[in-house]
Amino acid sequence: MELSADSLREKLQRDLEAEHVEVEDTTPNRCASSFRVLVVSAKFEGKPLLQRHRLVNACLAEELPHIHAFEQKTLTPEQWARERQK
């Protein structure tokens, strides 16, 4: 399986109907084994952090066994708008 920031971004946008996704390969040599993601989706509305992370993990269930480190931030569109105003 080939992992890339682009492939993860596309899958998260499609499956979570995300309005904004950022994926950063944080592996020192960029060998695609460590990622940091930011996902903004209306599907997170009314859900606690754990449920949001489970949605992301379920979306990437096929990829996660091949990823060594995975950091995620999940926001609703309203939270994202507030954060960008800071």
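Start your tour at S33, which you'll find in the loop between strand 1 and strand 2. This is a predicted model, so keep that in mind as you click around.

**Stop 1: a loop residue and its company**

With S33 selected, is it buried or exposed? Its relative accessibility is 13%, so S33 counts as buried, the cut-off being under 20%. Now show what touches S33, leaving aside neighbours within four places in sequence: you should get D25, T27, I67, H68 and A69.

**Stop 2: zoom out to the whole chain**

Colour by secondary structure. The protein chain has three helices and three strands, and from the N terminus on they follow the order α-β-β-α-β-α. The radius of gyration is 13 Å, close to the 12 Å from the globule rule for 86 residues, so the chain is as compact as a globular protein of that length. If you draw a box along the principal axes, the C-alpha atoms fill roughly 35 × 25 × 20 Å. Colour by burial instead, and 40% of the 86 residues come up as buried. Turn on contacts with a separation of 6 or more, and 55% of them come from residues 24 or more positions apart.

**Stop 3: the sheet**

Hide the helices for a moment. What's left includes an open sheet of three strands in the order 1-2-3, with mixed pairing. Strand 1 (20-25) and strand 3 (69-75) are at the edges with a single partner strand each, so one side of each has no neighbour in the sheet. On average, neighbouring strands are turned by 10 degrees against each other, direction ignored.

Next, select strand 1 together with strand 2 (residues 34-40). The two run antiparallel, and six bridges join them. Two pairs to pick out: E24 stands opposite R36 in strand 2, and E22 has L38 as its bridge partner there.

Stay on strand 1 and show its side chains. Which residues make up its covered face? V21, V23 and D25 do, while H20, E22 and E24 form the uncovered one. That puts E22, the bridge partner of L38, on the uncovered face of strand 1.

**Stop 4: helix 1**

Bring back helix 1 (residues 5-15). This helix packs on the sheet, touching strand 1 and strand 2, and its direction makes about 155 degrees with that of strand 1. Select A5, L8, K11 and L12: these are the buried residues of helix 1. They cover an arc of only 135 degrees around the axis, which puts them on the same side of the helix. Over on the other side of helix 1, E10 and R14 are exposed. What lies over the buried residues of helix 1? The cover includes strand 1, strand 2 and helix 2.

Step just past the end of helix 1 and check the backbone of E17, where phi is positive, at about 50 degrees.

**Stop 5: K11 and its polar partner**

Go back to K11, one of the buried residues of helix 1, and show polar contacts. Which side chain joins that of K11? It's E63, with a polar contact of 3.1 Å between the two side chains. E63 itself sits in the loop between helix 2 and strand 3. With a relative accessibility of 10%, E63 counts as buried.

**Stop 6: helix 2**

Now pick helix 2 (residues 49-59). This one lies across strand 2 and strand 3, and runs at about 120 degrees to strand 3. Highlight R52, H53, V56 and C59, the buried residues of helix 2. Look down the axis: those residues fall within an arc of 120 degrees, so they line one face of the helix. Swing round to the other side of helix 2 and you'll find L50, R54 and A58 exposed. The cover over the buried residues of helix 2 includes helix 1, strand 2, strand 3 and helix 3 (77-85).

**Last stop: G46**

Finish with G46, in the loop between strand 2 and helix 2. Is G46 buried or exposed? At 77% relative accessibility, where the cut-off is over 50%, G46 counts as exposed. For a final distance, select the C-alpha atoms of G46 and E78: the residues are 32 apart along the chain, and those atoms are separated by 12 Å.

Terms used: Residues are numbered from 1 along each chain as its sequence is written. This is a predicted model: local features need pLDDT of at least 70, side-chain atom pairs count only at pLDDT 80 or more; totals for chains, interfaces and linings use all residues. Side-chain values use heavy atoms; hydrogens and water are left out. Two strands pair if DSSP finds at least two bridges between them. Helices (H or I, at least four residues) and strands (E, at least two) are DSSP runs, numbered from the N terminus. Axes are lines fitted to C-alpha atoms, for helices over the stretch in contact, and angles run from 0 to 180 degrees between N-to-C directions. Contact means heavy atoms within 4.5 Å. Buried means under 20% relative accessible area, exposed over 50%, partly exposed in between (1.4 Å probe, protein chains only). The arc is that of the directions from the helix axis to the C-beta atoms. A polar contact is a pair of N or O atoms within 3.5 Å; within protein, one must be able to donate a hydrogen and the other to accept it, and residues adjacent in sequence count only if both atoms are side-chain atoms. The radius of gyration is taken over C-alpha atoms; the globule rule is 2.2 Å times the number of residues to the power 0.38.
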